[in-house]
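Some notes follow on how the protein meets the nucleic acid in this entry. They are meant to be read beside the coordinates.

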Number of protein chains: 2
Amino acid sequence: MDTRKRTILQAVTEDYISSAEPVGSRTLAKKYHWGISPATIRNEMADLEEGGFLEQPHTSSGRIPSDKGYRFYVDELMAKVPVGHKVLERIRFTYQSRIRELEWFIHQTAKLVSDITGYPSIVLAPSWEEGIFSSLRFVEVDENNALLIIRTADGFAQNRTVSVPQELSLVQLNALAQDFSRQFAGISMRDLQNYILDPLFTSLFENAALRQTVLEWLLSEGPDDERMTVAGPLTILNYPEFKDINKVRRVLGFFEQDRAVEQMIQAHPADGVIALIGSEMSVDDIQDCSVVTASYQVGHKVVGRVMVVGPRRMQYAYVMKVLEVVSDELSQALKWA
Amino acid sequence: MDTRKRTILQAVTEDYISSAEPVGSRTLAKKYHWGISPATIRNEMADLEEGGFLEQPHTSSGRIPSDKGYRFYVDELMAKVPVGHKVLERIRFTYQSRIRELEWFIHQTAKLVSDITGYPSIVLAPSWEEGIFSSLRFVEVDENNALLIIRTADGFAQNRTVSVPQELSLVQLNALAQDFSRQFAGISMRDLQNYILDPLFTSLFENAALRQTVLEWLLSEGPDDERMTVAGPLTILNYPEFKDINKVRRVLGFFEQDRAVEQMIQAHPADGVIALIGSEMSVDDIQDCSVVTASYQVGHKVVGRVMVVGPRRMQYAYVMKVLEVVSDELSQALKWA
DNA sequence: ATTAGCACTCTCAATCTGAGAGTGCTAACA
DNA sequence: TGTTAGCACTCTCAGATTGAGAGTGCTAAT
């Protein structure tokens with residue numbers, strides 16, 4: 001691929017990204033003063049098409065990049081863009097809160113990213129099931145109710161207000177909780193669920209009602225089917241490729257399926273910021289989309305991801321840069337643990 | 001309005017509700033064996049159109065009910081339908097949980113209603129701002145973090161994990177919290193926010209960092225812009241009247257605007273189960289919709305609403321019955337306070 | 001009061017048309 | 001050998017036309 005082809009491919013891609021219209025040779029010749037005629041550009045574009053980097057929607061409209069073309073653009077051609085000062089400030093400010101709740105950070109991150117990029121964003125929270133159980137305890141709320149606090153080894157906590165069986169006092173309850181914590185600390189939440197049928201578990205919680213409470217809690221919060229937060233789903237409607245109701249339905253439907261998202265992520269386990277372009281993704285519902293995803297860490301361990309979903313002609317450079325910054329800041333912010 | 005006109009209006013309405021196709025005289029004559037000919041039906045329909053109960057989309061298609069027609073149908077013609085046994089069981093089961101969290105109930109209710117009816121549903125939680133402050137306290141989580149629990153006079157609690165200024169011990173913190181609670185119990189959350197600038201408040205919290213924490217908490221949870229939970233928004237796409245992308249955008253956009261929903265509700269403050277049909281609503285974005293809304297109570301006081309949004313040709317009878325049952329059960333369930 | 005008959009209106013899908021945009025190819029040129 | 005001008009060709013898109021189908025309103029007969 002010689003320099004001129006690269007230049008043309010880059011021009012086609014960037015033009016198409018900003019206009020959503022197939023790019024013709026004449027347009028390019030007029031816009032960029034390369035000193036070559038439309039005919040020459042046509043020849044080059046024909047070569048690029050032969051090489052699989054460009055496609056024609058119809059026999060004689062302009063060209064648009066193929067997935068391979070976008071891939072080449074992202075990997076080789078794309079210029080790095082800086083993140084504006086104001087945006088940077090805004091990101092930093094978001095993570096300065098005194099609030100120490102995982103869920104809150106996840107929500108804020110999703111909103112922030114969608115707002116900055118103008119695309120829908122998804123944040124995948126750390127898997128609760130994979131979290132390591134650390135301790136369990138009850139705090140009195142009133143006569144009948146208590147706050148159940150479960151902590152993981154990572155320093156995250158989940159809490160839930162539950163009603164307490166009449167016949168148990170808070171003191172008894174916490175004695176049980178301490179036993180329980182000692183017994184099961186270090187085990188993953190997923191395994192903990194399996195222990196529910198273990199004799200050890202049932203012997204600790206002889207009280208059936210209480211056992212049911214703990215069980216219900218583990219099951220209701222446990223399964224990772226609410227790991228996902230979506231922000232700005234409707235921004236997808238701003239892009240002309242989604243004027244067809246069925247495409248919209250599929251993409252918005254995807255945003256409601258935690259499983260599909262997890263599946264997609266698991267198929268591309270790379271760390272750092274990566275772009276997944278159209279057909280590179282296994283999930284049918286978003287074949288018309290591209291996804292940029294960035295991992296974030298808690299203590300050197302990748303625990304979740306921040307993602308942006310957009311049309312294939314996404315502003316890759318900008319989005320990737322934003323996600324790089326955001327995921328770093330988020331990782332920093334979660335270091336409280 | 002004589003009996004025959006009523007019968008015809010009812011038939012047109014119910015046919016249109018289930019088919020989404022304008023109903024013609026011939027169709028009616030064939031389907032119902034009233035012993036009158038299409039021509040007679042036509043005459044009657046012409047009268048009904050003159051009376052404003054029916055309309056013709058185009059000069060010569062069948063008729064569809066006007067908003068006035070739906071109104072008459074809902075108020076006078078509609079037959080009561082029972083809720084199936086299985087559905088009833090499911091509703092009851094949902095509210096038997098030991099979990100005692102308002103937010104959880106709100107979410108479950110929204111999901112439940114959307115699932116049962118097949119329409120999008122919105123649940124409006126009790127206004128936090130209007131809630132009466134009762135007490136404030138801190139529970140230790142670890143060295144640096146504490147759980148801040150705020151309770152209202154209704155017995156509801158919100159909690160949030162926050163980082164604690166180094167220089168304050170938990171004991172000091174809770175001493176302050178107790179002073180604070182004594183001082184401000186009985187004041188609405190909204191007023192509490194205004195007190196933030198009050199000398200009394202600032203004197204209690206001489207520690208600036210702490211004051212900021214409390215303030216941040218009140219502001220972040222306080223404004224009622226997350227009162228609303230939506231479930232099943234995409235079910236609206238199943239109805240053929242929403243095959244136009246712009247209608248979809250408006251309706252789905254409405255679901256993201258807490259303010260618009262509150263505004264709509266405030267314009268129709270009636271208790272119990274009511275239907276709002278198309279143009280009866282003040283909000284432009286949902287002129288193509290009807291809304292059925294039911295209020296729920298905590299201790300004889302209406303605190304929130306369960307709503308179903310659907311096309312104008314909604315299954316009014318069924319939806320209204322479902323909401324009646326659900327809002328009753330929800331009110332019962334919230335009596336723990 | 002009801003009904004049969006019929007002309008009329010309107011929608012919808014299919015077909016056709018011309019303008020416009022852009023291409024591929026060929027032959028000429030540097 | 002690479003580049004370019006010219007031209008025929010292809011395809012889309014919007015607008016106009018057409019015929020079938022559905023349903024009506026009106027009139028005259030029952």
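How many residues surround DNA strand D, and which are the closest?

1. The model is predicted, and the points below should be read with that in mind. DNA strand D is surrounded by 21 residues. The closest are Arg4(A), Thr40(A) and Thr59(A) from chain A, with Ser25(B) and Arg63(B) from chain B.

2. The protein meets DNA strand D mainly at its backbone: sugar or phosphate supplies 75% of the strand's atoms within 4 Å of the protein, and bases supply the rest. Two of the closest residues can be placed at phosphates. In Thr59(A), a side-chain N or O atom is 3.1 Å from a phosphate oxygen of DNA strand D. For Arg63(B), the corresponding distance to a phosphate oxygen of DNA strand D is 2.8 Å.

3. A base contact on DNA strand D is also present. Arg42(B) has a polar side-chain atom 3.1 Å from a base nitrogen of this strand.

4. Which elements supply at least two residues each of the surface near DNA strand D? They are H3 of chain A, and helix H2 (25–31) and H3 of chain B. H3(A) gives the largest share, 4 residues. By class, this surface holds 14 polar, 4 charged and 3 nonpolar residues.

5. Turning to the other strand, DNA strand C has 21 residues around it. Those that come nearest are Ser25(A), Ser60(A) and Arg63(A) of chain A, and Thr40(B) and Thr59(B) of chain B. Of the atoms of DNA strand C that come within 4 Å of the protein, 75% are accounted for by sugar and phosphate.

6. Three of these nearest residues have side chains placed at phosphates of DNA strand C. A polar side-chain atom of Thr40(B) is 2.4 Å from a phosphate oxygen. The distance is 2.7 Å for Arg63(A) and 3.1 Å for Thr59(B). A reviewer may wish to look at each of these pairs in the coordinates.

7. Where does the largest share of the surface near DNA strand C come from? H3(B) supplies it, with 4 residues. The elements that each give at least two residues are helix H2 (25–31) and helix H3 (38–50) of chain A, together with helix H3 (38–50) of chain B. The classes here are 3 nonpolar, 14 polar and 4 charged residues.

8. To sum up the helices, the largest share of the surface comes from H3(B) near DNA strand C and from H3(A) near DNA strand D.

Key
Residues are numbered from 1 along each chain as its sequence is written. Chains are lettered from A and ligands numbered from 1 in the order in which they are written. This is a predicted model: local features need pLDDT of at least 70, side-chain atom pairs count only at pLDDT 80 or more; totals for chains, interfaces and linings use all residues. Side-chain values use heavy atoms; hydrogens and water are left out. A residue is near a molecule or strand if one of its heavy atoms lies within 4 Å of it. A polar contact is a pair of N or O atoms within 3.5 Å; within protein, one must be able to donate a hydrogen and the other to accept it, and residues adjacent in sequence count only if both atoms are side-chain atoms. Ala, Val, Leu, Ile, Met, Phe, Trp, Tyr, Cys and Pro count as nonpolar, Asp, Glu, Lys and Arg as charged, and the others, Gly among them, as polar.
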